[in-house]
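Dear colleague,

Please find below the sequence and structure that I am handing over to you. My notes on what was found follow directly after it.

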Amino acid sequence: MRGTEAGERAVTVPSGAQPVTWRAAPRLRRLALVAVLSVLAAVLTRQAGLLLLAAPALAVLALGGRGGRPGTLDVGVTTPVSRCFEDEDVEVTATLAVPVDEVTFHVEPGQTVRLADGDMTQTAVDEDAAQARWTLRPGTWGRRIPCTVAVRCRVSGLWQAELTVRAEPLEVFPHPPPARASLVPADLLRRIGEHTARAPGPGIEFAGIRGYLPGDRLRDLNWAVTSRTGRPHVNQRAALRAADLVIMVDAFSELGPLGDTSLDVSIRGAAGLAQAYLRTGDRVGVVVLGGVLRWLGPAPGFRQFFRIVEMAFSVRFQSAVTPDLGRVPRSALPPRAVAVLFSPLLDQRAIGAIADLRQRGVSLVVVDVLRHEPPAQPGFPLSSLAVRLWRLDRDALRASLAGLGVPVLGWDGGTGLEAALAPLRGRPLAATRP
Amino acid sequence: MNGTVARDPVAQDAVARDTVARDTVTRRVAARRRRRKSALRRAAAAVCGGGIIALPVLTAAGSAPYLSVAGALLVAGSLVSPSARSPVTGTLAAAWAVFECVLGKPGNAVLAAEGLLLLAYLLLLDAPLDMAGPTAARWLRGQAPAAAAGVTATAVVGLVLLVPVPVSAWLVVAGVAAAVAAVAVAVPRLRRARASRPARRQGR
């Protein structure tokens, strides 16, 4: 915006009434310069006719001095929502409640936020409540300020005041990739909807027939078997159980371009998996490794999805602390839960945590989210060798994890999680200590 | 997006995209119209700018044509693109026009026209480029008082210049008295404003 013409540093302020200082606009300076030059030239050259050049400029300057200038400007930058998903359009409205002659709004989208629609600079003239609208598209999850709006007001064209207002923070949720709840604890049979347990109990699925015992319901009597054998028999049903899924996110290391880092892929994968399991009525929890150890106990319902992604907003926290998994309570990491760890497998603390979890007998699946290999330097022949060694090292790490009973699956975030988890479909996960 | 997030984010996203796509075409057409109008305003400023540079050269015998080339370059520089519309280029172009008039010594009628063209050029130079049709009309209406004041002042000064004034010490004294009176009218207002500030603070 040409607001920087004044040479002043823009200070971003929140929405609301702000005191402003009115300064001379470029038009005032130009007119004053023309008037002064003309009058000087008329005096020095003794040509009174040159006053005709100064007359219109002086008249406009005299006229502009009368304009009323408000001491405060009430500018609001609002969004109709406080939450949205990645790549979802959000409309931003900037409003100036104070009537001025001319107001120009210039939007500056925040980091990883794109302007989807609307001119960056919009002008309103002589309106009681001037407004400007833009459609923004946030590209990356997180709690972020979608934009700042530079507002320049002019009175009589000769005086101007500038204000830079920031919008309220927007919670951008990760866009969950398509996924299915295909990983199930070993003690559960997979059925449509809720999971049917191996143990008998109240449920719908038929599990067997046994002799009548005091306390059995009469409606469970199997009349065919009872009449054939002459002794009362009842039908047994399989108990209905919900699976517990604990999603773990390795936030120790983050690699890749902004908006497409390994942590971004991890959080998107976690959101997709959480959504898939919560849809089928399962309980989902989350444990974040990195910085301060944080967790959320497994719970059902779609509210849990939003709790999980809101928790993800604070995962970017640099720390050198090694997580103590012993601090995670039993309720957050139930013994028979399936744990899925999204990790680039680069930090030794995360690898140590995997071994620790397996020692505790947790059914663990690791999803490797590393998308970029270290680039080989073309000028150095040894660098390609180093990359090959790095690959071998990664393969060895995967093999050692597989030896512990931890399958390692690769996922680059480009496709749905279903394809990545397909190798484990129908396979029981290791639930015992190695 | 009615303040809450829908249950199925994928379906919600699709609905949001459909809604926005409906308005996108209309907004693009409006943006194209705005660009066309902005080109018109720029053309008008170019005409006025060309006028302030060419008028002294065409009407006065004493001016040099190469001066007009430099002036035309300054005018073009002030109008080529929005990023080039720095206050310096436009100001230099206006100052150049005054300089040409000083050198060319044109007649009063030409100087009056030059002054009004200069005013029009400076007003148009300051016009926002991104105004829609109704906004542009309102902006033009807003410039009417300035234009009227400019025309009136030019007429008054032109009429005054037509009156033959003899050299007189009384006129000089009257002029000085008028200047002192103008200062006297202006300065107490400033003092009052300064004096009222602490009172207001105490009142708070």
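Helix 4 of chain A is mostly covered, with 17 of its 18 residues buried. In this predicted model, the helix runs over residues 262–279. From its first C-alpha to its last it reaches 26 Å, close to the 26 Å expected at 1.5 Å a residue. After helix 4 comes A:G281, which has a positive phi, near 90°.

A residue of helix 4's numbering range also appears in the surroundings of a loop glutamate, A:E86, to which I turn next: A:R268 is among its contacts. A:E86 itself is found in the loop between strand 5 (83–85) and strand 6 (90–96) of chain A. Is this residue buried or exposed? Its relative accessibility is 2%, and because buried means under 20%, A:E86 counts as buried. The side chain of A:E86 reaches the backbone nitrogen of A:W141 at 2.9 Å. Leaving aside neighbours within four places in sequence, A:E86 is in contact with A:P138, A:G139, A:T140 and A:W141, with A:V172, A:F173, A:P174 and A:H175, and with A:R268.

Strand 6, which bounds that loop, also belongs to a sheet. Five strands of chain A form this open sheet, in the order 2-4-6-10-8, and the pairing is antiparallel. Which strands stand at the edges? They are strand 2 (16–19) and strand 8 (113–117) of chain A; each has a single partner strand, so one side of each is left without a neighbour in the sheet. From one strand to the next, the twist averages 35°.

At one of these edges, strand 2 of chain A pairs with strand 4 (residues 72–78) of chain A in the antiparallel sense, over four bridges. Within strand 4 of chain A, A:T72 is the bridge partner of A:P19.

Some totals for the chain complete the picture. The secondary structure of chain A comes to eight helices and 24 strands. Chain A has 434 residues, of which 50% count as buried. Among contacts in chain A with a separation of 6 or more, 72% are accounted for by residues 24 or more positions apart. The area that chain A exposes is about 19,900 Å², and carbon and sulfur atoms supply 55% of it.

With kind regards

Technical notes. Residues are numbered from 1 along each chain as its sequence is written. Chains are lettered from A and ligands numbered from 1 in the order in which they are written. This is a predicted model: local features need pLDDT of at least 70, side-chain atom pairs count only at pLDDT 80 or more; totals for chains, interfaces and linings use all residues. Side-chain values use heavy atoms; hydrogens and water are left out. Two strands pair if DSSP finds at least two bridges between them. Helices (H or I, at least four residues) and strands (E, at least two) are DSSP runs, numbered from the N terminus. Axes are lines fitted to C-alpha atoms, for helices over the stretch in contact, and angles run from 0 to 180 degrees between N-to-C directions. The expected span of a helix is 1.5 Å times one less than its number of residues. Buried means under 20% relative accessible area, exposed over 50%, partly exposed in between (1.4 Å probe, protein chains only). A polar contact is a pair of N or O atoms within 3.5 Å; within protein, one must be able to donate a hydrogen and the other to accept it, and residues adjacent in sequence count only if both atoms are side-chain atoms. Contact means heavy atoms within 4.5 Å. Accessible areas come from the Shrake-Rupley method with a 1.4 Å probe; for residues, only the protein chains shown count as cover.
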